[in-house]
Structure formats: structure tokens, C-alpha cells
Amino acid sequence: MFPDTTIAVVLAQGFAEPYWLPSDYWSELSLPVYLFLAVVAGGGFLTGVTASLLDSRTDAGGLEGELSRWGFWVAVAGGAGSGLAVLSHQAILLRGLLFPIYMQNFESWMTIGTWILVSLVVVSVVALVFALFGDEASALEGASLFPRAIVAKLGLLETVDRLVDRVRPPKNGLVALYAVGSVLALATVYTGFELAVVETVPLWNMPVVVPAAFLLTGLASGVGLAVAVTALFARDVDTVIGGYAVATGLLSALGLAFVWYGWTEIATSDAPAAAVTYVALSEGSLAIGSWLVVLGLAVGLLAGLGVGGATLVDRRLPLLERAAVPALVGSFGLLVIGSLAFRIVMLYGAQEHPVVVVG
Amino acid sequence: MGEQWLFYFDPNRCIGCHACSVACKQRHDLEADADDWRTVTHVSKGEYPDFEQVPVSMSCMHCHDSPCESVCPANAIEKREEDGIVTVNRDRCIGCHYCAWACPYGAPTYDDTGLMSKCNLCLGEGPGGGHGQPERKTPEEGGSEPACVADCVGDAIKAGPKSEVMAEASDRAAERFEAGAYEGRVIVEPMEEDADIAESIREGETASGTVTYEG
Amino acid sequence: MSERERSGGFDLTRRSVLQTAGAAAVATSLGGCLSGGDDPAAESDIAEETAYGNCWMCHHACGQQLTVRDGTAVDITGVDEHPRGSAGPGTDGTLCPKGQSELEKLYDPDRITQPYIREDGDLREADWDEAFEYAARRLEEFDEEHGAETFLDATSWSTTNVHSYFWGNLYGTPERIGRGRHVCFGGPHLSGNLMGLGTNMRFVDYQHSDYIIAWGRNVFESFAGQWEPKGVLEALDDGATLVVVDPQHTPTAQKADHWLPIEPRTDGALALAMGHVIVEEELYDEAFVEEQTHGFDAYREAVDDKTPEWAEDVTGIDAGLIREIAIGFAEAAPAAGIAAWTGVGQYAESQKASQNIFALHGLVGNIDRPGGFRMWQGPPLQPNPFEERGIDLPTNAAEETPALRKYDEYDEYPFRHTTGIGHTVVPEMVDNGHIMGMVNHYDNPLTDGSTQAWLEAIEQMDLVITIDAYWNELTRNADIVFPEAIQLEKDTLIDYAPSWSAYEDRTWLTASRAVHEPMGECKSGYEIYRGLAEELGWGEYFPWEDEAEYSDDLLANVDYTFDEIADQNFVLLDEFEYEQWEDGGFPTATGKFQFDLDEEGGYAQSAEELGIDTAPEWIPPGTWGEEPDDEYPLHFYDTRSVFFSFGADQPLEHLQEQYARKHDLENTEYRGNYLVINPRDAEERGIETGDMVTVEARAGEADDEAMAYVSERTRPGFVTAEFGFGTGNSHEEGMNTMTVHDMQHDPVSSQVDRHLAAEVRKNGGD
């Protein structure tokens with residue numbers, strides 16, 4: 001997909017000075033938002049699927065159901081938000097909307113990614129609709145079911161429920177849908193590949209680290225967001241939530257590890273462009289962003305493992321009982337901000353290799 | 001496949017006058033403050049009076065590996081078989097700027113429409129010019145001389161089929177080109193005063209300044 | 001004579017361009033531009049033609065070739081083998097960014113395209129009849145009230161010489177201010193003239209030269225035609241040595257084998273030390289000195305104690321290097337030359353400094369020898385077409401004496417012995433009622449010095465007539481504004497100094513026809529004078545219809561007509577020899593090359609009044625010019641760049657943009673000039689690149705501000721700004737360096753002393 005070029009720059013003792021290229025083509029908030037929300041959607045979808053499967057296997061009456069639906073909500077909102085963000089960036093809106101006609105280079109991650117995102121949104125919407133409506137759903141309660149109230153006000157609830165059940169696929173069909181969606185959810189790693197294949201930018205050109213960091217931090221955010229919203233509306237943190245909080249913590253930890261590794265690669269790189277990036281991220285205006293990234297991921301890690309872990313081992317400490325929800329909501333909120341900050345810093349801090357005039 | 005067209009630049013002859021930049025804009029009817037397809041940058045170093053400033057004229061190099069073409073999701077960028085010139089089809093471009101990132105020379109520019117335009121080796125005129133044109137002819141064959149080549153006061157810029165340009169380059173420049181300087185995308189003359197130092201470094205007699213970077 | 005093909009069988013007279021394009025198309029073609037996308041040339045039904053031009057952006061006439069599509073010029077490039085625009089036979093013609101931008105000027109909507117006259121205090125549009133009538137009446141009234149002899153002819157870049165006959169012979173004023181002596185390079189202009197070199201000391205016979213010294217000359221930026229940078233590059237390719245003497249680093253310094261970062265205004269010392277070495281080493285051309293020069297003894301005496309060590313103290317240049325260069329220059333001679341220009345031409349002590357430098361030519365015998373100081377010849381133009389037609393022109397100025405010499409008030413100015421006026425003295429003359437009116441033609445004295453005083457003078461003058469293309473403080477305050485067509489819109493024969501060129505031994509001529517009708521109501525300069533003449537009752541003296549016809553008479557002694565030359569854009573004429581002094585001697589008082597100007601009566605008088613020698617000598621900076629002190633610790637000087645010539649090119653956007661890009665400041669809104677300052681000086685003053693700054697000098701503080709550009713390319717203590725911006729200029733952004741200039745001048749030649757002691761202050765907010 002990308003030519004196997006090496007960029008060899010030899011700085012001689014003679015005249016050799018860099019000419020820096022403007023590296024601000026993507027310094028627009030819509031783009032980090034686009035990159036971020038795509039993977040958040042993936043995390044949400046995976047939460048929706050796994051929680052749904054858990055839900056169908058137990059009758060424990062825990063928060064699996066709500067978590068599942070909120071997961072799909074995160075997937076839909078994230079995916080749609082991502083799509084809107086990238087559309088707002090389009091030079092000619094129509095060409096973005098008609099992407100199947102225009103985006104034909106399947107060797108480009110941007111084309112592949114667009115299909116992934118659109119497909120994920122479609123699958124998420126379907127999964128959500130099936131989760132919200134139908135006969136089974138009518139017996140359920142939970143804040144995530146709020147569209148039911150809206151549809152009911154329109155007097156269409158019965159009709160919709162019946163309609164949805166009519167088209168509902170058999171169990172295997174739904175599982176297949178979930179499987180496809182899950183693959184798509186993981187495929188949101190494309191957002192990392194979009195950057196990683198750009199050889200002119202050392203901050204991006206780490207073919208394993210950047211995609212892994214994008215995927216892990218994004219999934220952590222998606223799962224964490226679903227968890228936080230569920231806990232917020234349910235005003236409770238049960239073992240299901242606890243478990244997913246731990247998952248969030250683990251994902252954050254792994255994400256942080258890759259972020260840290262990438263940071264050291266930049267810090268120790270010989271490339272002049274890497275040095276410029278390093279300065280921008282550690283001393284310049286983006287330094288706050290860098291700190292936010294670390295803070296968000298660390299807090300996500302600690303809160304996830306801490307609160308989640310405590311819940312799992314059933315330490316019903318009074319402090320925990322009172323503080324669990326706000327702790328999770330606050331921490332995972334910070335995790336989301338930190339993860340978004342990661343994308344912002346990646347785009348705004350990017351620096352292309354200079355053209356070197358060599359003697 | 002026709003012969004690849006290539007640019008050549010000699011910083012020893014370049015006087016940094018920017019005639020190439022303005023000539024390009026005149027030929028393609030571009031605004032003064034936009035669409036800088038050919039730029040002249042003055043790279044300087046040192047403290048007075050050990051000061052040096054060297055002008056460098058650059059545009060799209062129509063790279064043999066055209067990284068811009070590879071990343072373009074819309075297949076709007078095409079490296080032509082006939083002459084290797086890289087053109088853009090503005091009817092397909094979606095303005096995503098991916099090509100700007102891929103380009104090692106910062107050649108793509110974006111105008112008010114948000115769409116990309118860049119040097120087309122004067123294969124056509126205006127943004128998107130050149131797309132779909134027949135094989136480029138040399139001036140001897142009746143084709144136009146690229147504007148920057150035609151008006152370079154110092155005769156520092158050349159362009160043409162690779163074999164022709166190589167024949168006009170100095171031995172040193174050709175050697176460096178063959179050895180992979182600038183990834184074989186453009187032929188650049190070594191700077192007079194540093195040619196000896198560079199050769200000495202290549203031959204391992206002198207240590208290179210600070211860094212060797214390959215990525 | 002080379003054959004030039006006619007393009008597509010069209011006869012490219014102006015009339016036939018109209019016919020092929022259609023008058024309607026021409027009328028609407030102004031401002032017409034092509035949109036991008038398809039290749040319009042591929043469409044077969046659009047007529048595409050070639051037209052020629054002669055670039056009048058820096059006014060040195062590089063050949064231009066234009067592509068005209070459907071009546072609109074859409075592209076512009078050079079003419080191969082052109083004397084000014086190429087490196088000679090078998091080489092390509094190009095156009096520098098200014099030449100490229102003449103295409104923008106052709107369609108610039110900001111140009112003045114209508115006559116204006118002042119009525120009831122305000123300027124208003126008028127048609128030509130009205131304007132001519134009004135101007136004629138005002139001129140007659142002026143003569144009655146003040147006398148025509150108080151009217152100043154300040155005509156500059158006109159493309160015919162008809163103005164001097166109009167204002168001198170017919171109107172009858174002796175007052176004339178030219179560029180070379182008064183505002184451009186007065187000292188060298190005077191020295192060159194009197195020593196026998198003429199005034200073309202900018203140039204070297206580059207292509208044959210082995211040793212080129214660019215002295216106060218940035219030949220890769222301020223070239224008089226592209227043949228110069230091309231010629232120097234050829235010389236360098238052939239192994240020539242290039243030496244640059246300049247306090248600042250320039251593109252020329254970059255390509256030099258040696259850059260001498262000299263202490264400002266100490267050129268005279270360096271030249272004397274070089275002479276000292278050459279005499280001591282006996283490397284001078286004994287035969288030439290013996291046979292062709294006057295005053296060598298005085299010269300030898302003058303350089304006797306000027307050792308390189310002495311010069312090192314004064315100039316800051318290493319004595320060993322001075323020695324090396326002197327020897328290198330002398331050994332390479334006669335194929336060795338010195339190109340000197342405004343760096344040695346615009347400070348108060350520059351006459352003697354240039355005399356010291358030019359002495360080196362006589363010393364090494366490079367004059368009119370291959371590779372040395374070429375005495376270029378021009379074609380045998382008939383300077384007086386009136387004579388050609390047998391017209392008996394009156395000589396109304398003949399009895400008049402310029403005010404400078406007529407009145408006692410000016411007895412304090414030594415330069416009155418060698419010239420007829422001084423730029424800095426004009427405001428005083430206006431105050432005294434000795435000059436009461438002025439005509440400007442493609443000229444702007446507000447950039448040339450004493451801006452504040454001149455602004456007041458213009459107000460005081462009773463009648464100001466301008467012939468120009470852009471609005472500025474001068475044209476806005478004029479009584480009559482005549483819009484001239486630009487060179488591309490006229491039939492133009494270049495009669496301004498068609499001598500130096502890429503052809504070192506051929507005379508030549510270059511001409512071009514109008515690409516199409518002028519914009520709006522613009523007329524050619526000749527037609528303006530003719531129209532005015534008719535109103536004044538002088539119609540009988542102007543039988544020529546237009547500039548082309550007038551040009552044909554200028555060509556009376558040449559084998560080509562205007563059309564024949566314009567068909568090919570240029571023609572090469574006769575060969576001329578080297579060593580022309582062998583037969584003709586030198587045009588000086590002694591008939592020889594003069595080291596010592598003791599035989600030049602006027603100069604000798606000036607020298608006596610000033611207490612200086614007529615022979616070369618060392619006159620330290622500050623003798624007449626300003627010296628930095630605690631209050632004004634910086635040297636402040638003007639510079640030029642490749643993007644602008646004079647003040648006329650600054651309004652063009654392409655040039656503004658590229659100039660900003662060169663400084664990496666294109667992302668700011670600002671498109672004025674830059675105050676170049678060394679990081680040490682900048683740091684002391686808390687100035688960073690991009691800050692807006694104001695320059696203060698003894699004469700006052702500028703209202704103008706400029707953007708600071710902090711760079712190691714300039715010497716600590718030496719700040720400069722590009723000429724031609726700010727108050728008074730056609731592009732008012734930036735700083736007019738002469739707004740802080742008072743009366744400073746070179747007392748020997750009258751040249752405006754553009755060197756000032758100054759301070760730079762950062763303005764609040766950028």
C-alpha cells in the first residue's frame with residue numbers, strides 16, 4: 001500500500017540546513033474529534049455486544065442490559081459524531097457524502113476507514129434498534145430506553161415494537177451481526193494506521209505503536225464512557241459495572257504503555273523533526289495537552305482498576321458506596337478528555353521532516 | 001512507458017530572485033498570495049560575518065514513487081505512464097490534505113475551493129491543468145517550456161526527460177543522484193564550496209557533522 | 001542579423017492586433033483573466049499571438065515576449081539572445097520577477113487611467129481636451145507670474161527625450177534635476193565623468209573577466225538587465241574570482257570567493273591601500289599609466305602611506321586579505337574589473353571614495369580592455385529629431401542660468417561648480433521663490449531625500465504637473481495628473497542608454513509595439529507632450545503622430561526603421577573595438593585618464609571651497625556625513641532588492657508577496673519594507689522579527705513604521721531598510737527612509753546622503 005521508501009538524511013559538515021514544511025494541514029479540531037470518536041464508537045459497540053451476551057445468559061438483574069444499550073448508544077453517537085466531524089472538514093460536502101463514488105483508492109487507509117466507520121454506524125444503529133424495541137424491550141426499564149417514551153408520545157410505540165420484532169433476525173443472525181460489528185469495532189484501529197503510514201512525520205510513523213495506542217485508548221474511552229453513563233443513570237456500581245471498569249482500567253493501562261513507548265521513541269530519535277515535535281509537546285503550548293493525555297489515562301487506569309476492582313471483590317466500603325459513581329464518572333470523564341487530547345496532540349504536534357539542503 | 005520527466009536544480013546558479021515563483025503564477029493565472037506551486041526558500045546559517053544564505057527553489061518533484069498518489073483516497077492524483085508527470089483531477093479531489101502530508105516537499109496547495117492543485121510541469125494551465133493531456137513534449141518537439149525553467153534568471157532550473165536532464169547535470173550531481181540523494185526524486189548540484197567536504201565524508205575521510213538519520 | 005519568425009503570419013502592428021482580436025474584445029479584455037482547469041490553448045478557436053515588450057520595471061529594457069490570447073496578454077517570458085535579457089548569442093532570454101510582474105501592472109486596476117485637474121482645491125477627473133487646455137492655461141499663467149525659468153523639469157523614466165526639448169527649448173526653463181548626479185550615485189557619477197570613465201561604472205566586461213570586484217554593488221539583485229547576473233555566473237563558471245565589498249551579506253556575497261564585510265563608508269581607505277600594494281609590488285600597467293594618464297605622481301604620493309595595515313584599522317578588513325585582493329586584481333588585469341554602485345554612491349564622502357576606487361582602473365590599465373572596464377558604445381541615435389525634420393526649435397532656456405548659480409543664496413554649496421541643482425536645495429529654492437513649479441514624469445522626489453521638506457515645497461509650489469501611473473503623496477497634491485500608458489501599451493524604442501549589454505562589442509537597439517490599447521484614457525508620453533504643445537501653440541514643432549514616428553527619426557542614422565526593429569524586438573548593429581582611447585583619448589580636460597582632477601576647473605573650485613585635494617585622498621566618514629553617537633548609535637542606510645526598482649514596483653502584489661516570502665513573513669498581514677537589524681542590536685532593544693519599529697534620526701522621527709527583521713546578514717550597528725515604501729510612495733505601507741532625512745548631502749556632487757545616524761525603537765504592539 002505504501003511504497004517502501006527510506007528517508008535518508010545525512011547532515012554533512014558543509015552547508016546543510018533544514019527547510020521546514022508547514023505541518024498544519026490537519027490542525028483543526030474536527031479531525032482529532034473524528035479520529036477519536038470512531039474508536040470510541042468501537043469501544044461502545046464491543047461493550048454493547050459483550051454486555052448483551054452476558055445479559056442473555058444470566059437473569060441476575062444486574063446492569064448488563066443497561067450497559068449493553070448504553071454501549072450501543074455510545075457506538076451510534078460516537079460513530080455519527082465522528083462522521084459529522086469529518087464531513088464538516090470536507091472541501092465539498094457532496095463529495096464526502098457520495099464517498100462510494102469518490103473514495104475509490106482501496107489502498108488508502110482513508111478509503112478503507114470510511115467504509116469501516118459507515119458500516120459500524122449502520123450496524124450499531126441496527127443493534128441499538130433491536131435492543132430498544134420489540135416485545136422483550138417493552139418489559140424493560142432503564143434510562144437508556146428513553147426513545148421508547150418519545151415514540152410512545154407519538155402514539156407509535158406498539159407499531160414500532162411490532163415492526164422491529166417482525167424484522168428481528170433469529171438468534172444466530174443477531175450473533176452474526178454482533179460478530180461483524182465487533183470486527184468493525186476493532187477495525188477502527190484504521191484511525192491509527194491513517195497516521196502511521198505517513199512516513200514524513202516521525203510522530204506518526206510508528207506502524208505498531210500509533211495504531212495500538214489509538215485502538216487501546218479509544219476502546220478504553222468507549223467502554224469507559226458506556227460504563228460511566230450507565231453508572232450515572234443507574235446511580236449504582238454493581239459487579240458488572242465493576243468488571244467493565246476493570247476492563248477500562250486495563251485498556252487504559254495498555255494504552256498508556258504504548259503512549260509512553262511512543263514518547264520515548266520521539267524523545268530519543270535522531271530525526272530533527274522528532275526533536276521539533278518533542279519541544280512542541282513538552283515545552284510549547286501543547287504541553288498542557290501532553291499532560292492531559294497522561295493524566296487522563298493514568299486516572300482511567302487507577303479508577304478502573306481501583307473502583308472496579310474493589311467492587312468486584314465485593315468490598316462494600318461505605319466510602320466506595322457513596323463515591324463509586326462519581327469516582328467512575330469523573331475518572332472516566334477525564335479518561336475521555338485525555339484520550340481526545342491524545343489525538344489533538346498527535347495532529348497539532350506533528351512535524352514533517354524538513355527538506356534538507358545538503359552541500 | 002515514456003521516459004520519466006525530472007527536475008534539476010543548481011543552488012550555485014540560483015540567485016534567489018523568485019522569478020520562477022512569479023513565472024509559474026503568471027503561466028497558470030494564480031493569485032499572488034495563494035497556490036504557491038513553486039517556492040523559493042532562503043536557508044541561512046551562521047553569525048555575522050560567517051553568515052551564509054542559500055536560496056532553494058522547489059516545487060512538486062513528480063517523484064518516481066509518488067507518495068501523494070498512494071495516499072489519495074479519491075484516486076484523484078495520477079502519476080502518468082507516458083511521462084511520469086503527477087497530475088490531479090480536481091473533479092475527484094475531496095480536499096482531505098492527505099497528499100500534503102505524504103509529500104516530502106510540501107508541494108500540494110489548496111485554494112478557496114479546498115481542492116488540491118500543484119505543479120503539473122506546465123503540461124496544462126491552471127489548477128488541475130494537465131489532467132488527461134497527451135504525452136508531454138519537450139520544447140524541441142513543440143511542447144511548452146515549463147515557466148520556471150523558461151524564466152530562471154540564473155539558468156538554475158531544468159526539467160525534461162530523465163536522460164536529457166542527466167546529460168546536462170555535472171558528474172558530481174549525477175553521482176549523488178545515482179547514490180540516492182534526495183531519494184532520486186530530483187537532481188541537485190552540490191554546492192561548490194561544500195562539494196569537496198561532502199565527497200570526503202562519502203569516502204569516509206571526514207566524519208559527518210552530527211547525525212545520520214534513516215527512517 | 002538574426003531572422004525572427006513572425007508569429008502565425010500575423011503582422012503585429014497595433015492596428016492589426018485590434019483587427020484580429022476585435023475591438024470589443026480588446027475593450028473588455030482589460031482585467032480579463034483565464035480561469036483554471038482546461039487548457040485554453042488547446043481550444044482551436046481562440047487566437048493566440050506573440051507580442052514583444054521591453055521591460056520598463058527597472059527601466060533597463062530586457063526583451064519580453066508575451067502570449068496574447070483573444071486580445072489579452074496571458075503570459076510573459078524573455079527573448080532569447082536579447083542584449084539585456086540574456087547572456088548573449090545562443091543563450092536563453094528570461095525575465096526577473098519584476099519583468100514577470102509587468103503583466104500584473106498591465107492590468108492593475110489601481111493605475112491612474114484618467115486625467116485629473118485641480119479645481120476649487122480638489123482634484124477632479126477631466127477628459128484630455130479639458131486637461132490639456134487647463135494645463136496650457138496654467139503654464140502660461142505661471143510664466144507670466146513667476147517666469148518659466150522657475151519651473152523645474154524633474155522628468156525621469158520617460159521613454160522618449162522629447163521632454164527636454166519641451167521644457168528646455170520651448171517653455172524655456174534651465175532647471176532640470178536628473179537621477180544620476182543628484183539622487184542616484186552623485187559622487188561616482190561626478191568622479192567617473194571627470195576622470196574619463198563616463199558614468200557606466202556599474203559594469204564590468206563580465207564574460208571575459210578573471211577578477212570581478214562588486215564594490216557596494218549587489219549585482220545578483222540590483223542588476224541593470226539580467227545580462228549582468230548571467231554574465232557574472234558565466235565568468236564564475238570559467239573560474240573568475242568574485243570579491244564583494246559590502247557591510248551586509250547579499251546574494252552576491254554568497255557567491256563570492258571573498259566577502260569583505262567592510263566598516264561602512266570606509267571604501268576610500270580600502271581603495272587607497274589596494275593602490276598602495278599595487279604600486280609597491282609594481283603590478284601596475286606602466287605603459288598605460290605613462291601614456292594615457294594624468295596625475296600619477298599625485299596618486300603615488302596619495303597612496304604612499306596607506307598601507308594595508310593602516311587600512312585594516314580603518315576598514316576592519318584583514319591586511320593580508322587586502323594585500324591578496326590587490327595583487328589578485330592587478331595580476332588578473334587587464335581582465336579585472338570593479339562594478340561599483342550605490343553602496344559607494346549614497347553617502348556624503350562618496351565622491352572621493354569613488355575617485356580612489358576608479359583610480360585603480362587607471363592604475364592597472366583595464367580600461368576598455370577585455371574583461372575590464374568596458375567603454376560601451378551606443379548606436380548612433382539622432383538625439384534631435386527636430387533637427388532631422390528641419391524644425392527650427394527656439395532655445396528659450398539658453399539665456400537662463402539655473403538658480404543655483406544665479407543667486408548668492410546658494411554660495412555655500414560647493415557643488416554649484418559642477419552641477420546645476422541639488423535635490424536637498426530645492427525646498428530652499430522654493431522658499432526663496434526661485435523655483436515655483438515642477439513637472440514630474442515617472443519620478444517621485446519624495447523618495448529621493450528630504451521628504452518632509454519636499455512635502456512642504458510641493459504645497460508651496462504654484463503649479464505641479466505629474467505624468468504617472470499611481471497615486472501617492474506627489475500625484476495627490478499635483479495640480480494636473482496626466483495618466484501615461486505603461487511601456488507594454490506603447491510603441492517603444494529604448495533610447496535610454498542602449499549601450500552596456502551581453503554583447504561586449506556590438507551596438508544594438510531594442511523596440512516593441514504596444515500589446516494592445518492602453519487602459520482607460522492613458523496616452524503615451526509623447527502624445528501627452530504633443531497634446532499639450534498644441535494647446536500652447538507649439539503644434540508646428542510636433543509633426544510626429546505618435547511615439548513610433550518620433551522614434552523613426554531618432555533612428556535616422558540607423559539602418560532600421562522602428563517597425564523593423566520592433567518586428568524582431570532587437571537588432572545588433574556595428575561592432576566597436578576595445579581600447580578606443582587609443583584613437584580618441586579621454587573626454588577630459590587633459591584628454592587623458594585623470595587620477596588628479598586639478599585641471600577640471602569646476603571641480604577644483606569645489607575642492608578648494610571644501611579644503612580637499614583634487615587628487616585621491618582619504619576623507620574619513622563623518623567629515624560631512626553623520627556619525628553615530630550615544631543618542632543615535634546606529635548606522636542607517638537604504639538597500640535595494642531584486643523585487644523592486646525605485647518606488648514604482650512596490651504596488652504590485654506578486655512582488656510584495658515574494659518579498660515577504662523571502663523573509664518568511666508571508667503569514668503576517670504586513671506588506672511593507674523590513675528594518676534589517678543584527679540580533680545583538682535587536683536584543684538590546686527587545687526587538688524580535690515581526691515587531692513593528694520606528695526609526696529616529698536627528699531630523700526627526702518617522703510617522704512611518706516598518707517591520708523588524710532580525711538577521712545575522714547585517715553588521716552589528718548597521719540597520720537598513722528597503723527603498724521605495726511608506727509616506728510619499730505609491731505603496732504606503734512601511735517606512736520611507738527619507739522621512740527622517742533632512743538636508744544631508746555630498747557637498748561635492750549634491751548627491752543626497754542617505755546614510756544617517758539613527759536609533760530604532762520598538763512600537764507598542766505588533
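How many residues of chain C are in contact with chain B, and how many of chain B with chain C? Load the predicted model and select both chains. The count is 41 residues of chain C against 39 residues of chain B.

**Stop 1: the side of chain C that touches chain B**

Stay on chain C. Five elements each give two or more residues to this side: strand S3 (72–78), helix H3 (97–106), helix H8 (227–237), helix H9 (251–255) and helix H27 (653–662). Pick out H27(C) next. With six residues, H27(C) gives the most to the side that touches chain B. Now colour this side of chain C by residue class. You should find 15 nonpolar, 15 polar and 11 charged residues.

**Stop 2: how the chains are arranged**

Show chains A, B and C. Two pairs of chains touch, and the pair A and B has the most contacts. Chains A and C do not touch. Their nearest C-alpha atoms are 11 Å apart.

**Stop 3: residues 48–110 of chain C**

Select this span. An unreviewed UniProt entry annotates it as "domain: 4Fe-4S Mo/W bis-MGD-type". The C-alpha atoms at its two ends lie 27 Å apart. The span is 16% helix and 33% strand.

Look for the open sheet of three strands in chain C. The order is S1-S2-S3, with antiparallel pairing. Strand S1 (48–54) and S3 are the edge strands; each has a single partner, so one side of each has no neighbour in the sheet. From one strand to the next, the twist averages 30 degrees.

Zoom in on strand S2 (residues 63–69) and S3 of chain C. They pair in the antiparallel sense over six bridges. Label Thr67(C) and you will find Asp75(C) of S3(C) opposite. Then add H3(C). This helix lies across S2 and S3 of chain C and runs at about 165 degrees to S3(C). Both S3 and H3 of chain C also appeared at the first stop, on the side that touches chain B.

**Stop 4: a helix pair in chain A**

Move to chain A. Select helix H5 (residues 109–132) and helix H9 (residues 171–187). Their axes come within 9 Å and cross at roughly 140 degrees. That angle makes H5(A) oblique to H9(A). The crossing is left-handed.

Show side chains at the contact. From H5(A), pick Ile116(A), Ser119(A), Leu120(A), Val123(A), Ser124(A), Val126(A), Ala127(A) and Phe130(A). From H9(A), pick Leu174(A), Leu177(A), Tyr178(A), Val180(A), Gly181(A), Leu184(A), Ala185(A) and Ala187(A). Colour by class again: this contact has 13 nonpolar residues, three polar and no charged.

Terms used
Residues numbered from 1 in each chain as written. Chains lettered and ligands numbered in written order. Predicted model: local features only at pLDDT ≥ 70, side-chain atom pairs only at ≥ 80, totals over all residues. Axes fitted to C-alpha atoms, helices over the stretch in contact; angles between N-to-C directions. Helix = DSSP H or I, 4+ residues; strand = E, 2+ residues; numbered from the N terminus. Parallel < 35°, antiparallel > 145°, perpendicular 65-115°, else oblique. Left-handed = near helix turned anticlockwise from the far one by under 90°. Contact = placed C-beta atoms within 7 Å. Nonpolar A, V, L, I, M, F, W, Y, C, P; charged D, E, K, R; others polar. UniProt positions renumbered as here; feature names shortened; annotations may be inferred. Pairing = 2+ DSSP bridges.
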